[in-house]
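Work through the exercises below with the model open. Try each task before reading its solution.

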Amino acid sequence: MLPEKLKSELTAQIARVDHPREMAIDVINALQDHYGYFSDEALAQAADLLGMSPLELDELATFYTFIYREPVGKHVIHVCDSLICWMEGDENLVAHLCDRLGIQMGGTTADGLFTLLPVCCIGYCDRAPAILVDRQVHGPLTIDALDRLIDTLRENHS
Amino acid sequence: MTATYPQVLLKNRKPDRITTLSEYREAGGYEALRRVLTEMDRQEVKTRLADALLLGRGGAGFPAGIKVSTVAEDAPFPRYLVCNADEMEPGTFKDRVFLHAEPHMLIEGMALAAYSIRASHGIIFIRPEYESAAKILEREIGIARGEGLLGERILGSDYDFEIVVHRSGGRYICGEVTAQLNALQGRRPNPKQPPPYATDKGLWGLPTLANNVETLACIPHIVKNGAQWFKDLALTPEAAGTKLFCVSGKVNRPGCYELPLGIKLSEIIETCCGGMKDGATFKACLPGGASTGYLTADHYHIEMDFDSLKKARNRLGTGAVMVFDHHCCMVAATLNLTEFFARESCGWCTPCREGFPYLRDLLWRIENGQGEAGFIPMIKTMCRHLWKSYCAFAPGGVASIESLLMNFEDEVMAHIEGKGCPFKK
Amino acid sequence: MPTLKIDNREINVPAGTKVIEAAERLGIMIPRFCFHPALGSVGACRVCAVAFTEGPVKGIQMSCMIDAQDGMVVSTTDAEAVDFRRHVIEFLMLNHPHDCPVCDEGGHCLLQDLTVAGGHGLRRYRGLKRTHINQDLGPLVQHEMNRCIQCYRCSRYYQEFTGYRDLGVMGIGSRVYFGRSAPGMLESPFAGNLIDICPTGVYTDKPSRYIGRRWDYQRQPSLCIHCSLGCNLTASARYRQVVRHEARPNLEVNGHFICDRGRYGYAYASIADRPRQAMAAGTPGPIVDILAGAREAIQQTVEKHGPGSVAVVVSPRSSLETLAVVKEACGQHGWTGPAAAHTNRQALNRNTAVSCLRPELAVSLAADTEAHDVLVIGADPLNEAPMLALSLRQVQRRGGHVIVIDPRGVQLPFDFDHWAVHPSAMGAILQALIQEIGGHRATAPDTPATFDITKLARRLNASPRPVVVCGTDILTPHEIALAGDLARALRRTHKVAGLFYTLAGANAFAAALLHDQPVSTEAVLDRIEDGGVRLLVAVEQDLWREFPDRKRLQAALKRLDHLVVLDYVDSPLNREAGHFIPTQPLYESGGHWINQEGRLQAASPVMAGGEPIEITGGSDHPPRVFDRRIPGDEPLAAWRAVAALAGEDEADPAPQLKTALADFHPAVNLSTPEATGQRIDLEAIAHDLVESGPAPEPAEDDAPADAVVLLLVDWTFGTEPLSAMAPALTRMEAAPVARLHPDEIARLGLAEGRPVTVSLNGNRLTVPVQADPRMAAGVMAVPRHHLLEWQVFGETRVIVKRSQLKAESE
């Protein structure tokens with residue numbers, strides 16, 4: 001269920017713009033933040049708020065990298081695999097993460113804490129290899145720094 | 001290291017924070033806007049932009065002065081100004097550095113550009129990875145509004161202009177202006193071939209001017225200091241202004257540097273970036289992001305400006321210099337780039353949507369010992385055909401592949417004949 | 001008019017013609033996937049690339065994206081263009097499953113054709129194929145996404161052309177997926193066209209799945225008879241069974257599409273309980289004997305009671321041939337009728353519309369799409385004549401404006417204005433509009449202030465091309481005539497002003513030409529009740545299903561000496577008949593129909609007839625019985641049966657038909673083949689019928705304040721009697737409900753979701769109540785649904801007092 005407060009906030013935001021559709025990504029992001037991912041329920045609610053059909057929303061939601069239509073972990077780790085990060089060894093980071101978290105690329109840990117996904121160049125080539133965790137960038141990363149980062153994220157939840 | 005060259009956009013860059021509004025104003029910021037609103041007319045702004053030969057800094061290098069003047073005088077209202085802060089070109093991070101340094105320079109540049117076409121709505125389209133910049137912009141826009149520099153009756157004039165920040169859902173194609181306009185309207189961000197042109201019928205069918213962050217940031221300086229001053233900033237006679245170069249890869253000091261257009265590639269690498277990492281040898285670089293071709297050691301001293309690169313059958317692109325040393329496998333690098341384009345193709349037209357996965361498959365086979373000599377003509381033909389795609393995405397995407405075959409065919413053949421990558425032990 | 005050269009041949013085309021279309025005019029078919037004449041150019045598939053060698057455009061370009069211009073020299077055979085097109089096809093085949101042997105599109109697949117024609121024969125790609133999961137899109141359309149070549153025709157057609165928003169494109173890159181957000185029934189009643197426009201087998205016809213290849217079918221040009229628009233279609237039959245309809249492009253009528261009612265309504269022609277056996281009092285017999293028996297019964301009745309004691313009713317759905325022979329028979333023998341409408345109001349409505357349709361005002365369905373402003377009066381397009389809604393959608397897409405004045409909760413797949421006014425206010429509004437358009441200030445009728453008549457009149461007056469669309473179901477003849485007057489008033493100030501009526505029945509226009517003074521079944525029943533008519537011949541007119549007072553009908557039938565029924569559908573009426581003669585549906589008889597704009601169109605016979613092999617063989621191999629005759633081949637074309645009843649024994653009916661058609665009406669000329677497909681001579685129709693008949697106006701003005709008007713109405717699915725027999729469409733039907741405005745439900749003390757019983761003249765109808773806030777106050781709309789015994793009140797528009805409504809507890 002969408003909290004009344006969030007719903008009324010979004011309704012007010014939509015009312016302020018000339019065309020509700022232009023708010024589509026913002027509304028999707030807000031509901032995704034609330035539900036953890038852009039669920040079918042969120043899709044229906046977003047469609048309702050924006051006066052769009054669920055399909056029209058899905059046409060957008062399935063296009064973008066940072067909209068998750070399937071459940072993801074509490075922390076989504078996006079490892080940049082474009083040219084510079086690749087040159088600087090992103091494959092080692094991925095191998096280490098898979099090993100450490102016990103999942104494959106695209107998987108989510110059993111405790112629901114982490115999801116591992118690739119991402120195209122995130123614009124931090126001067127800090128390669130870089131990753132995004134919950135839209136925050138970390139880089140340049142060594143295996144040690146990556147371990148410390150995972151430890152910190154885990155500790156925050158225990 | 002760069003002290004020898006005049007700094008314009010990054011002059012007041014702080015190591016870890018933005019230039020505040022008061023600092024920006026102390027350094028002469030918003031002076032151009034004040035002068036324009038009180039002393040100059042619209043046409044003057046347009047004239048200066050045209051005279052300054054400011055070329056778009058987002059990658060295509062289209063003359064900004066011409067673009068501004070294509071918004072017809074009698075076009076309908078409201079009119080829109082879109083700032084493209086969707087810096088998605090691999091290797092490019094100049095806008096990120098700039099936005100974390102000088103948000104007000106962009107705001108002022110947007111206000112000036114908007115004023116010149118009488119736009120009332122400004123939108124900054126920003127990639128989700130730059131959330132920190134989006135937050136800075138929203139905060140500083142609020143501050144500017146509080147100071148009467150945005151909003152209604154700017155600086156006491158009769159000019160109203162608002163800016164909002166629009167966060168993208170994150171896709172490379174959103175950097176393409178027509179795709180971006182679709183995205184802004186809550187539609188799938190497929191490109192749309194003109195006509196109509198955005199300056200005629202853009203957002204919601206209304207005139208829309210779209211420019212890159214860096215392009216807009218140049219405007220206050222051009223307005224304030226004049227076209228000639230701007231032209232004189234460049235080292236080569238045809239070029240004008242400085243450029244934010246972002247250098248990455250196998251150099252000692254990767255980063256974003258403001259340098260005059262026309263500076264030699266060798267100077268960027270050696271002087272600014274402290275030379276090649278670990279004393280390795282320069283093998284090649286991409287001069288302007290993933291959509292440009294490889295420049296080899298033959299062009300090590302090339303003058304980095306739009307014209308010189310065009311003459312070398314390449315492009316300045318976004319000025320993102322990605323440097324490879326002699327340990328790098330160019331097939332593997334090209335495979336990586338092709339993977340990027342295969343993943344980011346919007347799926348609208350056939351050659352791009354299907355061609356990149358096909359090319360990726362062929363390159364993967366070459367890199368992994370399954371290559372055949374017959375692949376090379378296949379790849380060449382396919383690349384030629386990908387130029388006939390719907391938008392500029394695919395021609396950009398095949399630039400690296402075409403230049404791989406042009407400059408490194410021996411290396412490709414070594415993969416095929418040796419049944420594997422010679423760079424892997 | 002630019003002149004250009006394509007493959008060394010010069011052609012002159014109108015400005016704005018794309019090069020791909022210019023080439024087509026020369027007979028050069030440039031390959032295409034995304035381009036479709038109804039959807040336009042988007043340049044996505046890139047397979048229409050050609051070389052521009054001279055002129056204003058140079059190089060390899062997409063011929064669908066470039067306007068033909070003077071001096072262009074185009075080569076479709078240029079080596080680079082050919083090589084590029086071959087590559088595009090190779091690209092499209094990378095992920096294709098190569099499942100042509102089991103694909104229903106196989107054999108008429110554009111992808112197959114172009115793959116072969118384009119020269120892509122050897123597979124070079126060695127990578128894995130990406131695969132998709134298919135969706136259940138409902139009973140009509142089968143989905144197989146792996147065959148997709150991403151031409152975007154489906155999403156563009158579905159969203160842009162039809163205005164529905166539940167099918168589109170998801171994902172990105174080589175993984176784009178065309179379908180719904182979640183599996184489920186497609187919402188658009190035009191979804192079946194996806195099958196026709198998809199250039200490969202992503203969307204195939206579900207009911208005819210695996211039944212055959214196109215070349216296995218008997219395919220003929222046919223017509224849709226499930227409403228009055230006369231959409232063109234191609235009907236296919238296999239093993240003596242009609243298995244499929246496809247849209248047949250006719251740019252003057254239905255464009256490239258048809259609705260799903262028309263596409264899937266054919267099953268009645270082949271179902272197991274279709275009567276194929278002639279009967280005398282329930283006993284089967286050879287058809288010649290039964291015909292002779294019926295003829296004798298008629299002769300005896302005539303001898304005993306005079307020729308007027310024999311009456312004929314005929315369906316407004318019957319072919320022109322049948323109507324003509326029936327008319328000729330009645331005229332020659334002095335029989336009563338033919339009646340080709342149920343009630344007096346319906347008969348007058350129809351004839352009023354036809355008489356008001358002056359040639360300078362008539363517009364076609366296709367021409368409707370070019371209107372700038374359309375005023376729809378008393379019509380519910382999506383429910384009554386679905387393709388009209390699709391035409392109006394194009395008006396709105398082109399920047400035009402649609403306003404609907406109708407008491408029902410009219411819905412259309414686009415933004416339009418709806419004035420939900422009470423039926424009794426319609427006439428006053430029309431009159432006020434006519435006055436305003438004529439420049440006179442009208443006294444505002446008693447309608448809500450939001451319905452600004454002055455503004456609407458100004459809008460219509462200022463419109464470059466206004467069209468008045470008028471229904472003939474819920475209105476009165478007076479209002480129908482006013483709609484004509486309105487169009488005439490607009491015509492005075494406009495070069496083009498259109499008038500477009502919808503009628504009840506595929507051949508209702510022809511039925512209107514039977515008499516100057518229309519005869520209704522209602523009037524025939526009066527004569528039965530007063531003893532004047534003793535024998536009734538019902539020709540393809542299923543009175544049991546369609547006459548709006550079943551009780552009265554049953555009583556009247558009992559009074560008859562004799563009933564003769566000719567029909568191709570099963571009905572309790574058939575069992576009442578002294579003589580029953582099975583007839584052929586249009587797939588067997590063929591024939592001509594005149595649609596609601598007066599266009600004469602032909603349907604070819606598709607097959608010879610006979611019981612489907614699926615039935616005779618019990619879904620297995622048919623029995624190995626050797627016979628010269630096809631089992632179940634007795635049914636005759638209705639016109640032949642009528643000719644046999646009216647004429648001499650053993651006489652050849654063909655000359656009789658020829659005479660009957662020639663004598664039918666001066667406006668209808670079948671003597672030249674060119675007349676078919678054209679509008680008949682509207683000038684030859686008397687245009688003064690309107691004043692001649694007394695219009696039975698419902699006495700709504702005298703109705704008590706707490707009364708409601710009950711309207712029996714059409715729905716897209718479930719009310720049209722023939723298509724309601726199609727199993728594929730039953731899942732598309734909504735359950736019958738009485739719709740009222742929510743305030744009305746409260747005012748009448750009813751409850752949403754609960755049944756209400758309407759009691760009138762000793763008849764009762766019980767139906768669940770549904771709230772519809774788009775409806776006018778004081779109105780209750782009930783569908784003539786086949787699951788509802790709606791045939792109770794004698795009229796389809798009646799006044800119901802509050803005391804006659806009772807809320808049922810469950």
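**Exercise 1. Charges and polar pairs between chains B and C**

Four salt bridges are found by the rule across the interface of chain B and chain C. The model is a predicted one.

Task: state which residue of chain C forms a salt bridge with B:Lys388, and which elements of chain B give two or more residues to this interface.

Solution.
- Start with the salt bridge. B:Lys388 pairs with C:Glu80, and their closest N and O atoms are 2.6 Å apart.
- Widen the search to polar contacts. The rule finds 19 residue pairs across the interface of chain B and chain C, both residues at pLDDT 80 or more.
- Now assign elements. On the side of chain B that touches chain C, α14 (350-367) and α15 (375-386) of chain B give two or more residues.
- Rank them. α14(B) gives the most, with nine residues.
- Sort that side by class. It has eleven nonpolar, eight polar and ten charged residues.

**Exercise 2. Area between chains B and C**

Task: find how much area chain B and chain C bury between them, and which three residues of chain B supply the most.

Solution.
- Count the contacts. 29 residues of chain B touch 32 residues of chain C.
- Take the area. The two chains, B and C, bury about 2700 Å², with 57% of it on carbon and sulfur atoms.
- Pick out the leading residues. B:Trp348, B:Tyr358 and B:Lys388 supply 23% of the area that chain B buries against chain C, more than any other three residues.
- Link back. B:Lys388 is also the salt-bridge partner of C:Glu80.

**Exercise 3. The interface of chains A and B**

Task: describe the contact between chain A and chain B by residues, area and charge.

Solution.
- Residues: 32 of chain A are in contact with 50 of chain B.
- Area: chain A and chain B bury about 3400 Å² between them, 58% of it on carbon and sulfur atoms.
- Leading residues: A:Phe63, A:Tyr64 and A:Leu83 lose the most area in chain A, together 20% of what that side buries.
- Charge: the rule finds four salt bridges across this interface of chain A and chain B. One of them joins A:Glu88 and B:Lys250 at 3.7 Å, N to O.
- Polar pairs: chain A and chain B have 13 residue pairs in polar contact, both at pLDDT 80 or more.
- Elements: α2 (24-35), α4, α5 (83-87) and β2 (114-119) of chain A each supply at least two residues to the side that touches chain B. The largest share, four residues, comes from α5(A).
- Classes: the side of chain A that touches chain B divides into 18 nonpolar, five polar and nine charged residues.

**Exercise 4. Buried or exposed?**

Task: decide whether B:Thr292 is buried or exposed, and do likewise for C:Val288.

Solution.
- Locate B:Thr292. It sits in the loop between β8 (282-286) and β9 (295-296) of chain B.
- Apply the cut-off. B:Thr292 has a relative accessible area of 1%, so it is buried.
- Check its polar partners. Its side chain reaches the backbone oxygen of B:Gly289 at 2.8 Å. A polar atom of that side chain lies 3.2 Å from the backbone nitrogen of B:Gly288.
- Look further along the sequence. Contacts of B:Thr292 beyond four places include B:Asn314, B:Arg315 and B:Ser400.
- Turn to C:Val288, in helix α7 (residues 287-305) of chain C. Its relative accessible area is 53%, so C:Val288 is exposed.

Definitions and conventions
Residues numbered from 1 in each chain as written. Chains lettered and ligands numbered in written order. Predicted model: local features only at pLDDT ≥ 70, side-chain atom pairs only at ≥ 80, totals over all residues. Heavy atoms only, no water. Contact = heavy atoms within 4.5 Å. Buried area = accessible area lost by both parts, 1.4 Å probe. Salt bridge = Lys/Arg side-chain N within 4 Å of Asp/Glu carboxyl O. Polar contact = N/O pair within 3.5 Å; in protein donor to acceptor, adjacent residues only side chain to side chain. Nonpolar A, V, L, I, M, F, W, Y, C, P; charged D, E, K, R; others polar. Buried < 20%, exposed > 50% of the residue type's maximum accessible area, 1.4 Å probe, protein only.
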